[in-house]
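Please open the model in your viewer and keep the sequence panel beside it, since the tour moves from one selection to the next.

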Amino acid sequence: MVSDAEGASACPSKPSGEVEVHGGICPVCNQPAKKRCSGCSAAYYCSVEHQRQDWKNHKNVCHPFKICSDERYGRYMVATKDIKAGEVVLKELPLVYGPAQITKPVCVGCLQGLTENQFLECERCGWPVCKRECQDHPSHKAECKFTIARGSKMQLRHFYDPHPVYQCLIPLRCLLLAERDPAKWQALIKLESHEEQRRGSEQWRNDREGVAKLIPRFFKCENKWSEEEILKVVGILQVNGHEVPLTEPPSVAIYNNASMLEHSCRPNLSKSFTSKKEIVFWAPNSIKQGERLSISYSDVLWGTANRQDHLQQTKLFRCTCARCLDPTEFGTYLSALKCSGFKKDSNCPGMLLPENLKNWYGGYICNKCRGLVDGKEITNILDRARVDHEAMQKANEQHCHKYIAHYGRWLGPHHHLLVDVKISLSQIIGGGDPNAIQKIPDDDLMNKMKICQELIDVFQKVCPAEARVIGTTRFELHAALAEFARRGVESMNSAVRSALEDSLYNAEECVRMLAHEPDDLPESKICEQARINVNSLRVLLGLQEG
């Protein structure tokens, strides 16, 4: 519709009141126009009728952001209007998608994993599929034809994990876009590859041997692409690829506009996918006009050193966002250690943080007593904690408690390794069958509530847009509060009612946070259960009729 910048909808089929603003040119009649599209706040129309006529063209660019560029950041997005909490900012189909480069054999049609004893071969080219109809999947057609042209079928004799031939498959799909879909190819090839920064690195050398040299040799197409062309495509994949968790193992897709979203370790957008492999970015919290839009290229629940190492290795840059410049990570101390753990007979309540933010492997200093601890001591504890963290059984409640008790002597209470274990605990306690929570002792129930609330407080400070983990933790807290109220429901006193109200709030927040999750993911089922529980709680609290 055409309206002022506060318009509620971008759909021209549902016009609302029109407000005069400083205008532009109507794309339909080329006349001055003072009525603005409320969806993107960027296009102007002289009337609702002309906006309706232009919707077929405009809908592809009707987004609440504009793309900007500068030498330091390259291309990035800025909100062109106030974005409301829950609003979808961008939904986009992929330019190309396929299996991850480091993967076990998967079906080249649906991309689901295969086993050595349960797969078929494409009757035309020999690439493995899980069922016969997958050999006719549109995404497989180009490489099928290309494999046939090599003169012999693909023969998968060993199920290596990872399988070396699969390193080539999604780069090949990218390269074949030039003939199959030139428009998508042009969009793809304009994306950042960081080829110069990558050149000479260990990853670049592996890509050169395992992809750039293997594709011409394996497919017998020595003169079709140069080594430099193949390596540039591999760079584009590694810099811009999004992991798509709709298959097991996850697949990879590249999107056009989505590749222009900048990184932040405290992003303001959440990411999800649809069954069509569309990527969906939405705002869990409101965003002001003029704010830059961001996602995280790393795991926001890692500590700063881990995020920086991952970004440097995979995206070839060092992050300087507000979180990375704050050693306390917004007061969560997600990477801090206890001063008392490194000094005998010390009761100092202080937290150890790096002396130099550019060197998280050097010395640490206490924020209370200002005492110093050598970096080697810190590294020794963290290395042991990581090894045990990787080896532990996170589905075992006792293992989780033992890990927290042992490493809680050195790690801060919100250290990212302990946070990860507490996330597991929040789901294990009273988890399993639907009635399990009714059987746990009161102390365990109170502990579950305490852990969930502690986690949510950390998430709200350090990653308020991390919808999946917040949504699932909200569900666990909602379930614990509902059970707490059930155990005292006979009295229906103020404490019980307050617990039910808090349970309802957390169930509603769970629905809000998980509403965009696709049916293929477990979070969608959690969301649906939360919706059912919301209705039940509202009836119980007398907020609606049964």
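## First stop: strand β17 and its partners

Begin with strand β14 (residues 262-263), which is joined to β17 by two bridges, the two strands running parallel. The model on your screen is a predicted one, and the tour should be read with that in mind. Within this pairing, His263 stands opposite Ile295 in β17. Now add strand β7 (residues 74-79) to the selection: two bridges join β7 to strand β17 (residues 292-295), and here the strands run antiparallel. On that side, the residue facing Arg292 of β17 is Val78.

Stay in strand β14 and select Glu262, which is found there. Is Glu262 buried or exposed? With a relative accessible area of 15%, Glu262 is buried, because the cut-off for that label is under 20%. Its side chain is joined to the side chain of Arg292 by a polar contact of 2.6 Å. If sequence neighbours within four places are left aside, the residues in contact with Glu262 are Tyr73, Tyr76, Arg292, Leu293, Ser294, Ile295 and Tyr297.

## Second stop: strand β16 between β8 and β15

Next select strand β16 (residues 279-282), both faces of which are covered: Ile279 and Phe281 on one side, and Val280 and Trp282 on the other, are all buried. In a regular strand the side chains alternate between the two faces of the sheet. Four bridges join β8 to β16 in an antiparallel arrangement, and the bridge partner of Leu90 in β16 is Phe281. Strand β15 (residues 270-273) is also joined to β16 by four bridges, again running antiparallel, with Trp282 of β16 as the bridge partner of Ser270.

Follow the chain from β15 to β16 and you trace a hairpin with five residues between the two strands. Lys277 lies in this loop and has a positive phi of about 70° although it is not a glycine. Lys277 is also buried, with a relative accessible area of 14%.

From here, move to Glu92, in strand β8 (residues 88-92). What is the nearest side chain of opposite charge to Glu92? It is Lys184, 9.9 Å away, and Glu92 is buried yet has no salt bridge. The side chain of Glu92 does, however, reach the backbone nitrogen of Ala258 at 3.0 Å. Apart from neighbours within four places in sequence, the contacts of Glu92 are Tyr255, Asn256, Asn257, Ala258, Lys277, Glu278 and Ile279.

## Third stop: helix α4

Now select helix α4 (residues 182-189), in which Trp185, Ala187 and Leu188 are buried. Viewed down the axis of α4, the buried residues fall within an arc of 165°, so they line one face of the helix. These residues pack against β9 (96-99), α3 (169-180), α8 (227-240) and β13 (251-254), and it is worth displaying those four elements together with the helix.

Within α4, centre the view on Trp185, which counts as buried at 16% relative accessibility. When neighbours within four places in sequence are excluded, Trp185 is in contact with Cys174, Leu175, Leu177, Ala178 and Val233. The C-alpha atoms of Trp185 and Leu95 are separated by 8.0 Å, although these two residues are 90 places apart along the chain.

Continue to His194, found in the loop between α4 and α5 (195-198). Phi of His194 is near 50°, a positive value in a residue other than glycine, and at 16% relative accessibility His194 counts as buried.

## Fourth stop: two cis peptide bonds

Two prolines can be selected next. The peptide bond from Asp161 to Pro162 is cis, with omega near 5°, and Pro162 sits in the loop between α2 (141-149) and α3. A cis peptide bond likewise joins Glu248 and Pro249, with omega of about 5°, and the place of Pro249 is in the loop between β12 (242-244) and β13.

## Last stop: an open sheet

Finish with the four strands that form an open sheet in the order β18-β19-β20-β21, with antiparallel pairing. Which strands are at the edges? They are β18 (337-338) and β21 (372-373), each of which pairs on one side only. Between strand β19 (residues 351-354) and strand β20 (residues 364-366), the antiparallel pairing extends over three bridges, and Leu353 stands opposite Ile365 in β20.

Terms used
Residues are numbered from 1 along each chain as its sequence is written. This is a predicted model: local features need pLDDT of at least 70, side-chain atom pairs count only at pLDDT 80 or more; totals for chains, interfaces and linings use all residues. Side-chain values use heavy atoms; hydrogens and water are left out. Buried means under 20% relative accessible area, exposed over 50%, partly exposed in between (1.4 Å probe, protein chains only). Lys and Arg count as positive and Asp and Glu as negative; His and the chain ends are not counted. A salt bridge is a side-chain nitrogen of Lys or Arg within 4 Å of a carboxyl oxygen of Asp or Glu. A polar contact is a pair of N or O atoms within 3.5 Å; within protein, one must be able to donate a hydrogen and the other to accept it, and residues adjacent in sequence count only if both atoms are side-chain atoms. Contact means heavy atoms within 4.5 Å. The arc is that of the directions from the helix axis to the C-beta atoms. Two strands pair if DSSP finds at least two bridges between them.
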